[in-house]
Amino acid sequence: MRKIFSRPESMKDVPTHYCAGCGHGIVHRLICEVIDELGIREKTIGIAPVGCAVLAYDYWNFDVTEAAHGRVPAVATGIKRVAPENIVFGYQGDGDLAAIGTAEIIHAANRGENITIIFVNNSVYGMTGGQMAPTTILKQKTATTPNGRDKTMHGFPLKVCELLSSIEGVYYAERVSVHSPKNVLKARQAIKRGFQNQIDGLGFSIVEVLSQCPTYLGLSPVEAVRWIEDAMITQYPLKVFKEKK
Amino acid sequence: MPGPTTGKKVLMCGNEVIAKSAILAGCRFYAGYPITPQNELPAYMSRRMPEIGGVFIQAESELSAINMVFGASLRGVRAMTSSSSPGISLKQEGISYLAGCELPAVIVNMMRGGPGLGNIAPSQADYFQAVKGGGHGDYRTIVLAPAYLQEAIELTMLSFELADNYRMPVILLGDGILGQMMEPVEFPHPNRPSNNTKKDWILDGCKDRAPRIIRSLLLGEGELEEFNNKLQQKYLLIKSRETRCEILYGEDSRVMLVSYGTSARICKGAIEKLRQRGMKVGLVRPITLWPFPEKELLGLTKDVDSFLVVEMSCGQMIEDVKLSIECRKPVHFYGRSGGGVVLESEIMRAVEDIYA
């Protein structure tokens, strides 16, 4: 019998620590599928963030390093500059990339580093217990916005793709989502493009992935994907923000 | 000395001497952020690195610079960053991660006055930060303190060897004077054989081998304690093998000065003048501040009446001197802080007060 669906070689055969209904597992798998498809597993170096995906190295079957909180793009820069032959990608959450690591992402983007960043935006801090993220939407309740995010006290949701697409050094910026099968397929295409750009030496690529966090949205997995559709996408439109010609 | 020299003396400032020595030692990655008084170092790197196929990056922050070094190091390339006191404070997070991930790196600190923004005058007030860990967690860094630019060549090259051999960050601790002053120096021959250690732990893609992970997160029951104990074993080995100091007039001194770097140089001038007056004064100059020459100091307590610690700080290394000699002899202190430089005449007066 012909096998038409199996675990990607880039993905270890181990259970993950992610909560039921979490989007991280989907994004991990998409990355692994793309790496297999592009045949780059043996020259890929991944960078795991601080946050829920901190243990990504336990699930990926290629070389992976950790980075200090928010410093993924700086570590990626160091690796890629001394070894342009390697494929270097960073995996970052919203706290990592859009709060504590804003300087690193903006300047790696501005230098046009030939790296790929997969940015998982689930609108909340997961690992530490559901605190407000820079991407938490207005009125969203979190552990540190018990009455909902209030623009006068907490500012506005930070729109990373919109922000980065204004930077000249960025080659490619797209926002996708993994809340439905159709969107998962689109996300896969975008992630593949992010890696292909690096292979082609085109420069800095970022794929922002909207992802569900049922645990800290206080919703069931089904309600959480509905929340992405109803509440999150209206704030964070899915599209290609930039692709240099 | 690291092999034969070129036999040619050149006049260079300390910051450039260290940059050139790093390149001779095989450093091929530098990232840094501008801060006085070490700016000649990155400027030199920005000129030279592209010429030799190395990488120079002016980072957006000290944090970013040390993390770029982290990236280059885990890929197996000899990497360095440099800064001065406030910038080194910012790098501490990265230094802790380098220690936790067992990654080699060389960090130069050309100390200036603190706390806070302080001033840009020379200082030795980052001793505690350099030798006691600096960042969070149970770790050590090797700390080398040159007093002369010729010695800075030797110690810069040594710092890369030690960093690779022991897989850990090494700090080269100087001050604004050492960075800025010019002295004639002789460099080792550039064609000498490289001592590059074989690195079988780097991330370079998992072709023909199992994937590797570099991390300092150890969540398993007892896992971190076990790892930290392993680090301590490494540190014990370093203590036994790598302690370096210079002892001047160790055989007959009644008052023994203890001083490092720039202030040790000034002590030497004072000692010679006092010796001309018949006073038996000597010097212990730690070259490694960690590991500290504890045994050497303890060994001197038999014959020495007292110690005088001289520092460009309010008194930091004095604590290690006291610990080393186990309170067997009095320990006096003369220091200047906030960019004040110790004076030969003041050192002589301090010795005279004790000697009487």
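Start in chain B by selecting helix H1 (residues 14–24) together with helix H6 (residues 149–166): their axes lie 8 Å apart and the two helices pack at an angle of about 35°. Keep in mind as you look around that this is a predicted model.

Turn the view until one helix lies over the other, and you will be looking at a right-handed crossing of H1(B) and H6(B). Now show the side chains where they meet. On the H1(B) side, pick Gly14(B), Val17(B), Ile18(B), Ser21(B), Ala22(B) and Leu24(B). Facing them from H6(B) are Leu149(B), Ala152(B), Ile153(B), Thr156(B) and Met157(B). Try colouring this contact by residue class: eight residues are nonpolar, three are polar and none is charged.

Next, bring chain A into view and go to where the two chains touch. How many residues does each chain bring to the contact? Chain B gives 32 residues and chain A gives 28 residues.

Stay on the chain B side and select strand E3 (55–58), helix H3 (62–74), helix H4 (85–100) and strand E9 (213–214), each of which supplies at least two residues to the side touching chain A. Which of these elements gives the most? That is H3(B), with nine residues. Colour this side of chain B by class as well, and you will find 17 nonpolar, seven polar and eight charged residues.

For the last stop, select strand E2 (residues 63–66) of chain A along with E9(B): the two strands run parallel and are joined by two bridges. Zoom in on Val64(A), and look across to its bridge partner in E9(B), Ile213(B).

Notes: Residues are numbered from 1 along each chain as its sequence is written. Chains are lettered from A and ligands numbered from 1 in the order in which they are written. This is a predicted model: local features need pLDDT of at least 70, side-chain atom pairs count only at pLDDT 80 or more; totals for chains, interfaces and linings use all residues. Axes are lines fitted to C-alpha atoms, for helices over the stretch in contact, and angles run from 0 to 180 degrees between N-to-C directions. Helices (H or I, at least four residues) and strands (E, at least two) are DSSP runs, numbered from the N terminus. A crossing is left-handed if the near helix is turned anticlockwise from the far one by less than a right angle, and right-handed if clockwise. Two residues are in contact if their C-beta atoms, placed from the backbone, lie within 7 Å. Ala, Val, Leu, Ile, Met, Phe, Trp, Tyr, Cys and Pro count as nonpolar, Asp, Glu, Lys and Arg as charged, and the others, Gly among them, as polar. Two strands pair if DSSP finds at least two bridges between them.
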